[in-house]
Protein chains: 2
Amino acid sequence: MPPAQRHPTMADVAERAGVSVSTVSRTLRGLSTVSDEARERVEAAARELSFVISRQASSLVTGKTGTVAVLAPTLGSWFVGQVLRGLSEVLRDAGLDLVVYSVADLAERAAFFDRLPARRNADALLVVSFDLTEAEFARLDGLGVPVVYVSQHAPGRASVYVEDVAAARSGTRYLCGLGHRRIAFVRASPGTGFTCSSRTRLFGYREALAEAQLPYDEDLVVATSRGRRHTAEAVGRLLCLADPPTAVFAETDEIAMEVLWVLRSSGIDIPGRISVLGFDDHDHAEWLDLTTIAQPAVEVGRAAGTLAHTLIDDPATDPARHVVLPTYLIPRGTTAPVPGPGPSDSAPSGEPDAGEA
Amino acid sequence: MPPAQRHPTMADVAERAGVSVSTVSRTLRGLSTVSDEARERVEAAARELSFVISRQASSLVTGKTGTVAVLAPTLGSWFVGQVLRGLSEVLRDAGLDLVVYSVADLAERAAFFDRLPARRNADALLVVSFDLTEAEFARLDGLGVPVVYVSQHAPGRASVYVEDVAAARSGTRYLCGLGHRRIAFVRASPGTGFTCSSRTRLFGYREALAEAQLPYDEDLVVATSRGRRHTAEAVGRLLCLADPPTAVFAETDEIAMEVLWVLRSSGIDIPGRISVLGFDDHDHAEWLDLTTIAQPAVEVGRAAGTLAHTLIDDPATDPARHVVLPTYLIPRGTTAPVPGPGPSDSAPSGEPDAGEA
DNA sequence: ATGAAAGCGCTAACAT
DNA sequence: ATGTTAGCGCTTTCAT
């Protein structure tokens with residue numbers, strides 16, 4: 001019997017089963033070259049001692065850590081949470097552990113890329129929606145383990161993402177199709193430089209404008225960061241334009257919801273006076289009846305996990321494999337045809353009052 | 001120079017620096033018994049080779065894995081996300097890795113407790129808002145590493161939590177103070193048995209009712225699970241009572257928001273006809289102007305991380321240490337004094353129709 | 001089918 | 001202050 005305060009080792013199991021450690025190892029890994037009798041004895045002994053293998057020790061010899069690392073800007077955002085859900089599901093099934101690194105500010109970011117702690121301690125690294133510099137890309141290229149870029153298109157590297165540009169283009173087209181010609185875009189504040197969806201979605205927005213032969217008006221593009229105050233300011237900037245927007249396209253649902261809140265609490269009718277379109281299909285989007293561009297966040301996580309697993313297990317896999325997932329527009333109640341050229345006073349929105357054609 | 005496809009080891013660093021591996025090890029761990037000259041050479045060599053230490057190897061000899069595991073019911077909920085934020089911040093500073101296990105259903109749950117994969121592969125385990133059975137508690141008691149229970153009170157074991165019972169009692173008192181005498185409680189569906197806040201908060205609710213000498217009416221307690229349909233049903237059950245509630249206390253803000261949505265979309269005035277009180281102070285609570293009981297979720301994560309770190313580093317720490325964090329009520333616009341003793345018919349009135357005195 | 005032995009990369013005595 | 005040596009708990013030849 002092993003000392004109380006120590007985890008039992010294979011040697012303990014071997015002794016109890018009356019076999020060698022090699023046999024224990026073979027049994028536990030399911031290698032076929034073990035007699036039924038030995039297998040049973042080993043399994044019984046392992047169970048009785050409630051033996052758990054030490055990954056550390058096997059890693060040392062196999063060179064595989066059995067863990068996948070994920071780097072994310074924050075763990076608190078809806079999108080990252082959903083991605084992690086899908087990811088952890090797939091990794092669990094693959095027998096891989098999931099270790100998370102989050103870097104909240106630029107100092108931590110620099111420290112991460114300087115030290116690259118994931119280096120020898122994970123079999124793969126997943127980078128979630130990071131707007132990386134060339135230097136950071138280069139650093140990761142030399143990491144020594146596969147890197148999968150999640151929710152971002154990384155040319156020449158493995159990545160899993162949705163067609164942000166095309167999705168934003170469609171969303172904008174949809175608004176154009178409703179007759180809107182003054183469409184604002186509210187993006188996350190680029191300050192932190194962590195997310196790359198601002199750039200791609202803004203690009204799609206501009207493409208659609210061009211298609212519809214609408215001018216790109218910089219005054220219609222505003223940035224906000226989390227918090228009522230910032231969004232109120234951003235929305236305020238839009239509302240006091242000489243020719244204010246009749247529709248707002250927000251980079252994410254979380255931003256869209258803030259916009260919605262600011263607009264509504266200032267008595268502006270939605271969608272009567274202004275339409276609002278989000279991006280994500282956040283859980284709350286349905287409650288708020290927010291029209292949005294849905295992206296399969298959990299599925300993104302699953303696909304990323306699967307790709308990482310493949311890359312780890314089969315070195316022959318194309319290291320630049322891309323997985324592109326679909327998006328689709330979900331029309332709900334916050335978008336409507338542009339109001340006629342009639343009055344557009346700020347009647348507090350009691351009733352739904354969609355503009356008629 | 002080490003082979004291209006292999007991570008450099010301490011031996012590589014040692015060779016390059018012209019010292020022994022011991023000196024490299026000592027230097028890298030910041031032990032003072034190293035000459036300045038050697039230290040510099042080692043540091044230079046390590047940088048040039050971009051050496052990263054293998055935790056696996058050091059674990060093997062130190063017995064410490066340098067990682068903390070966290071078990072959570074899901075990674076997608078707001079609360080868990082916030083806890084992870086606080087946690088990862090503290091653990092990063094402590095040089096500990098964070099590995100997450102999430103169990104989505106009962107089968108996975110059983111598998112986790114059967115195998116206890118965290119066993120030898122983490123220095124501590126954090127269990128976040130799990131309603132554990134006695135058998136599961138017992139299993140964790142024998143884990144061999146410190147276990148910290150987060151967002152739940154675990155008698156005789158280390159835990160970090162808010163006073164759920166007291167908070168729910170205060171919240172209910174607040175509603176009573178506004179004159180409400182028919183107060184409903186909407187809880188998460190107990191089906192999964194994953195969260196324990198239902199039980200504690202319901203308990204506090206009952207205490208406050210007793211205090212106010214209000215009867216406990218089982219019809220006023222309904223359960224819902226995520227999704228518009230379920231919440232609509234639950235709310236429907238309340239609305240068609242002979243004596244329907246004038247206030248609803250929801251176990252979490254997420255539930256409160258769904259309730260809000262259902263009530264509003266059926267034209268019921270809030271807080272004119274029904275008051276709604278949540279729990280959490282979710283980011284969106286402010287936008288929806290939801291009165292709620294705030295709990296410091298990120299701080300819970302931080303405290304849990306700190307406690308885990310302490311428990312790991314200092315075995316003399318009281319293994320049953322408790323950290324209790326405060327909650328506070330944030331009065332917002334979804335709660336108001338009870339409408340006068342006027343009509344209380346359950347007709348889903350179109351117009352907002354706040355009772356008059 | 002099984003065991004003995006070597007060694008993965010590191011740390012911890014013990015020398016010096 | 002530094003080097004030498006002996007493992008940590010596994011997997012993996014290589015014998016048998």
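The legends below accompany several views of a predicted model.

**View 1. Overall fold and dimensions of chain A in the predicted model.** Chain A is built from 13 helices and twelve strands, and its C-alpha atoms fill a box of roughly 90 × 45 × 35 Å when this is taken along the principal axes. The radius of gyration of chain A is 26 Å, whereas a compact globule of 357 residues would have a value near 21 Å. Of the contacts in chain A between residues at least 6 apart in sequence, 70% join residues that are at least 24 apart.

**View 2. Surface, burial and charge of chain A.** Of the 357 residues in chain A, 54% are buried, and the chain exposes about 15,500 Å², of which carbon and sulfur atoms supply 54%. Chain A carries 34 positive and 45 negative charges, and the mean positions of these two sets lie 6 Å apart.

**View 3. Relation between chain A and chain B.** Chain B is superposed on chain A by a rotation of 180° with 0.0 Å of shift along its axis, and the RMSD of this superposition is 0.1 Å. That is the relation of a two-fold axis. Because 100% of the interface residues of chain B are also interface residues in chain A, the copies meet through the same surface.

**View 4. The cis peptide bonds that precede Pro271(A) and Pro271(B).** In chain A, the peptide bond that runs from Ile270(A) to Pro271(A) is cis, with omega near 5°, and Pro271(A) is found in the loop between helix H11 (253-265) and strand S9 (275-280). In chain B, Ile270(B) and Pro271(B) are likewise joined by a cis peptide bond, for which omega is about 5°, and Pro271(B) lies in the loop between helix H11 (253-265) and strand S9 (275-280) of that chain.

**View 5. Asp289(A), a residue other than glycine with a positive phi.** The phi value of Asp289(A) is near 60°, and the residue is found in the loop of chain A between helix H12 (283-287) and strand S10 (291-294). Asp289(A) counts as partly exposed because its relative accessibility is 36%, a value that falls between the limits of 20% for buried and 50% for exposed residues.

**View 6. Ser50(B), a residue other than glycine with a positive phi.** In chain B, the phi value of Ser50(B) is near 40°, and the loop that holds Ser50(B) runs between helix H3 (36-48) and helix H4 (55-62). With a relative accessible area of 23%, Ser50(B) is partly exposed, since residues count as buried only under 20%.

Notes. Residues are numbered from 1 along each chain as its sequence is written. Chains are lettered from A and ligands numbered from 1 in the order in which they are written. This is a predicted model: local features need pLDDT of at least 70, side-chain atom pairs count only at pLDDT 80 or more; totals for chains, interfaces and linings use all residues. Side-chain values use heavy atoms; hydrogens and water are left out. Helices (H or I, at least four residues) and strands (E, at least two) are DSSP runs, numbered from the N terminus. The radius of gyration is taken over C-alpha atoms; the globule rule is 2.2 Å times the number of residues to the power 0.38. Buried means under 20% relative accessible area, exposed over 50%, partly exposed in between (1.4 Å probe, protein chains only). Contact means heavy atoms within 4.5 Å. Accessible areas come from the Shrake-Rupley method with a 1.4 Å probe; for residues, only the protein chains shown count as cover. Lys and Arg count as positive and Asp and Glu as negative; His and the chain ends are not counted. The place of a charge is taken as NZ of Lys, CZ of Arg, CG of Asp or CD of Glu. Copies are superposed by least squares on the C-alpha atoms of residues with pLDDT of at least 70 in both.
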